[in-house]
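Trainee: I would be grateful for a close look at one part of this model, namely the nonpolar core and its surroundings.

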Amino acid sequence: ETAKIILQKIKADLSVLDQAIPTAPDPHLVVRQLATLAAREGVIPANISVGKTPLVNATPVLGATADSGKSQVYPFSFTFQGEAPNVLSFLNNLKSLRRTIEIDEVTINRKSQTGSSDLTGNSLLQLIISGYLPYYPKQ
């Protein structure tokens with residue numbers, strides 16, 4: 001009986017955990033979350049690349065077995081561009097996503113909007129983020 005009460009209390013937290021580290025790769029969900037954040041922060045997605053991900057519920061080939069119950073990852077690389085304050089706000093708010101992202105590298109390139117050498121104020125930034133997206137297949 002006590003276990004049922006405790007489970008009921010943490011049930012909402014379990015759904016948040018499933019969003020943070022899902023049981024399937026679901027790269028489309030990450031792309032949608034990043035696109036929504038980019039639109040909110042006023043930056044433009046320039047390139048979104050997600051590495052090889054396994055097909056969900058696919059039959060193993062040649063007797064291979066799936067690694068159920070073990071954490072898995074797949075690589076990503078996202079490029080965004082916009083005015084400096086917007087890109088920096090996007091980068092700061094990236095941590096507000098519920099989906100866990102393992103970031104290996106962040107590169108910020110500055111570009112002048114008018115071709116002049118003035119890189120202050122409203123200069124454009126290009127933000128490149130690469131790393132891995134974890135998921136935890138169910139057994």
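Mentor: Two residues are said to be in contact when they have heavy atoms within 4.5 Å of each other. The model is predicted. With neighbours within four places in sequence left aside, Glu41 is in contact with Asn86, Ser89, Phe90 and Asn93. Glu41 belongs to helix H2. Its relative accessible area is 13%, and Glu41 is therefore buried, the limit being under 20%.

One of the partners of Glu41, Phe90, leads into the core. The largest nonpolar core comprises 19 residues, and Leu34, Phe80, Phe90 and Leu94 are those with the most contacts inside it. Two or more residues are contributed to this core by each of helix H2 (27–41), strand S2 (72–83), helix H3 (84–93) and strand S4 (124–135). S4 provides the largest share, five residues. Apart from neighbours within four places in sequence, Phe90 is in contact with Leu34, Leu37, Ala38, Glu41, Val43, Phe80, Leu127 and Ile129.

Phe80 also links this description to strand S1 (residues 44–50), where Ala46 is found. Again leaving aside neighbours within four places in sequence, Ala46 is in contact with Thr79, Phe80 and Gln81. Ala46 has a relative accessibility of 45% and so counts as partly exposed, whereas Glu41 is buried. Between the C-alpha atoms of Ala46 and Gly82 the separation is 9.8 Å, although these residues are 36 residues apart along the chain.

Definitions and conventions:
Residues numbered from 1 in each chain as written. Predicted model: local features only at pLDDT ≥ 70, side-chain atom pairs only at ≥ 80, totals over all residues. Heavy atoms only, no water. Core = buried A, V, L, I, M, F, W, Y, C linked by side-chain atoms within 4.5 Å. Buried < 20%, exposed > 50% of the residue type's maximum accessible area, 1.4 Å probe, protein only. Helix = DSSP H or I, 4+ residues; strand = E, 2+ residues; numbered from the N terminus.
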